[in-house]
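Me: I am new to this structure and would like a close look at a single part of it, followed by a connected walk through its surroundings and the rest of the chain. Please take your time over it.

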Amino acid sequence: MTVSVDEKKKTFTLKKSEQAFNAAKELMPGGVNSPVRAFKSVGGQPIVIDSVKGSRMWDIDGNEYIDYVGSWGPAIIGHADDEVLAALAETMKKGTSFGAPCLLENTLAEMVIQAVPSIEMVRFVNSGTEACMGVLRLTRAFTCKNKIIKFEGCYHGHADPYLVKAGSGVATLGLPDSPGVPKSATSDTLTAPYNDITAVQNLFDTHKGEIAAVILEPVVGNAGFIKPTLEFLNFLKTVTKENDSLLIFDEVMTGFRLAYGGAQEYFNIKPDLTTLGKIIGGGLPVGAYGGRREIMEMVAPAGPMYQAGTLSGNPLAMTAGIQTLKRLQEPGSYEYLDKVTGQLIEGILDAGKRAGHAISGGHISGMFGFFFTDGPVYNFDDAKKSDTAKFGKFYRAMLEEGVYLAPSQFEAGFTGLKHTEEDIQRTIDAAEKVFKDL
């Protein structure tokens, strides 16, 4: 029996999610373990997930969604992939954690080094935040300098030195910074608008000989989807080299997503150091940082810069990462991602404009985003011109239509190899309907 859209909409309920979330608020701060999940910037009832498969997810009320979050990026080959699950089952027979070296670490390390242009040696950790913490300490140890430049709206995890004009969850909650971060922790953190060459040059001129590194998301995902200009990336490469500083690409989001070798392959810009996460763990907790051998050999036990982790190189995370990267190596993977993502964002933008809304956006490969503003959007200040109230209404209406987007105007979206053209068309049709009623 075919269920009409109107009949389906009548059955949409979040009663169980509401009950579970209310109980969670008594157990965990805000009811979640990561702030953006609380729907603070979009309003309405957060959904509590029961299961995922392929391009779909189901909440505990039984509602089905086409998912464009993908666990915030890792699910690039689809949720709960059969081959990944089978490999994990075999690995689990040998144990879930060793706290000692295993061959799987070698295998994934070799795959990462072969893929990412800047990486000659790699250190695995357990999250993107941990990777960015490690790379910061390494940068300072190698250069014997303390100051870093980061960009407004770029998020590099929740370590104290990075929580200055950060995007993502900080923007979602409307907090300019975080209480509990002492001034001493951020006194060596300099900020500039993204894509602003003059501002960066001024910082180097003002703090000559003091800047250890420039760190950035080579494509911003934590202030919404914002592309760099090629001129900007080339300038950063040049200015860091001229000043004996290091260039760090935070590719936790873009690594293995924009291209197999990440944003640095896509833009043909080789940084000195790179952080990774998400995709290289295939949905399990993971992070990594790597770069030139001479820099990485500063890391203990090869060198004096200390960093350690009980679960680093966990066999389950290594297994899921290996299987995911194998799939991404298959011919046509990134061409397919670019095709379906292009169809998606073009369809959403066209539907919005035809309905009379100010909207702009774009995509690269399997990463996309749009803003409720005419644009163009070059930096976080531009992004903040977006009509966030309208985005919240759009978001909640799309949820009822069975489409799960990132619950914040200031987060990028992600597609995967399991998204079909039917998924894309259903999403565009839903957006067209919602735009007309918005």
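In which strand is the place of Met121?

Reply: Met121 has its place in strand E4, which covers residues 121-125, and everything said here about it and about the rest of the chain rests on a predicted model. With a relative accessible area of 27%, a value that lies between the 20% under which a residue counts as buried and the 50% over which it counts as exposed, Met121 is partly exposed. If its neighbours within four places in sequence are left aside, the residues in contact with Met121 are Ile113, Tyr289, Gly290, Gly291, Arg293, Met296 and Glu297. A further point of reference is Pro301, which is 180 residues away from Met121 along the chain, while the C-alpha atoms of the two are separated by 14 Å.

One of those contacts, Ile113, leads to the helices. Helix H4 spans residues 103-115 and packs with H12 at an angle of about 35°, their axes being 9 Å apart, and the crossing in which H4 passes H12 is left-handed. On the H4 side of this packing are Leu104, Glu105, Thr107, Leu108 and Met111, and they meet Pro315, Met318, Thr319, Gly321, Ile322, Leu325 and Lys326 in H12.

Helix H12, made of residues 315-328, also packs with helix H3 (residues 82-92), here at an angle of about 150° and with the axes 9 Å apart. Because angles over 145 degrees count as roughly antiparallel, H3 and H12 are described in that way, and their crossing is right-handed. The H3 residues taking part are Glu83, Val84, Ala87, Leu88, Thr91 and Met92, which meet Pro315, Leu316, Thr319, Ala320, Gln323, Thr324 and Arg327 in H12. Pro315 and Thr319 of H12 thus appear in the packing with H3 and in the packing with H4.

From the helices we can turn to a strand with a covered setting. Strand E5 (residues 147-151) has five of its five residues buried; Lys147, Ile149 and Phe151 point one way from the strand, while Ile148 and Lys150 point the other way. E5 runs parallel to strand E7 (residues 211-216), to which three bridges join it, and in this pairing Ile149 stands opposite Val214. E5 is also parallel to strand E6 (residues 189-192), with four bridges between them, and there Phe151 stands opposite Ala192.

Ile149 and Phe151 appear again in the largest nonpolar core, which has 39 residues and in which they are listed, together with Val200, Leu216 and Leu236, as having the most contacts inside it. The largest share of this core, five residues, is supplied by helix H9 (residues 230-242). As for Leu236, its contacts, apart from neighbours within four places in sequence, are with Phe151, Val200, Val214, Leu216 and Leu247. A second core, separate from that one, has 37 residues, among them Trp72, Leu349, Ile359 and Ala430.

Ala430 also takes part in a contact between two helices, made by Phe394, Ala397 and Met398 of H15 and by Thr427, Ala430, Ala431, Val434 and Phe435 of H16. The axes of H15 (residues 388-400) and H16 come within 10 Å and cross at roughly 130°, an angle that makes H15 oblique to H16, and the crossing is right-handed.

Helix H16, residues 421-437, lies across E2, strand E3 (64-67) and E13, and runs at about 105° to E3. These three strands belong with E1 to an open sheet of four strands, ordered E1-E2-E3-E13 and mixed in its pairing, and its edge strands are E1 (49-53) and E13 (403-404), each of which pairs on one side only. E1 and strand E2 (residues 56-59) are antiparallel and pair over four bridges, with Arg56 in E2 as the bridge partner of Lys53.

Another antiparallel pair is formed by E11 and strand E12 (residues 367-371), which are joined over five bridges, and in which Ile364 stands opposite Met367 of E12. The two strands make a hairpin with two residues between them, and Ser365 in the turn has a positive phi of about 50°. Four of the five residues of E11 (residues 360-364) are buried, so this strand is largely enclosed by the rest of the structure.

Terms used: Residues numbered from 1 in each chain as written. Predicted model: local features only at pLDDT ≥ 70, side-chain atom pairs only at ≥ 80, totals over all residues. Heavy atoms only, no water. Core = buried A, V, L, I, M, F, W, Y, C linked by side-chain atoms within 4.5 Å. Buried < 20%, exposed > 50% of the residue type's maximum accessible area, 1.4 Å probe, protein only. Contact = heavy atoms within 4.5 Å. Pairing = 2+ DSSP bridges. Axes fitted to C-alpha atoms, helices over the stretch in contact; angles between N-to-C directions. Parallel < 35°, antiparallel > 145°, perpendicular 65-115°, else oblique. Left-handed = near helix turned anticlockwise from the far one by under 90°.
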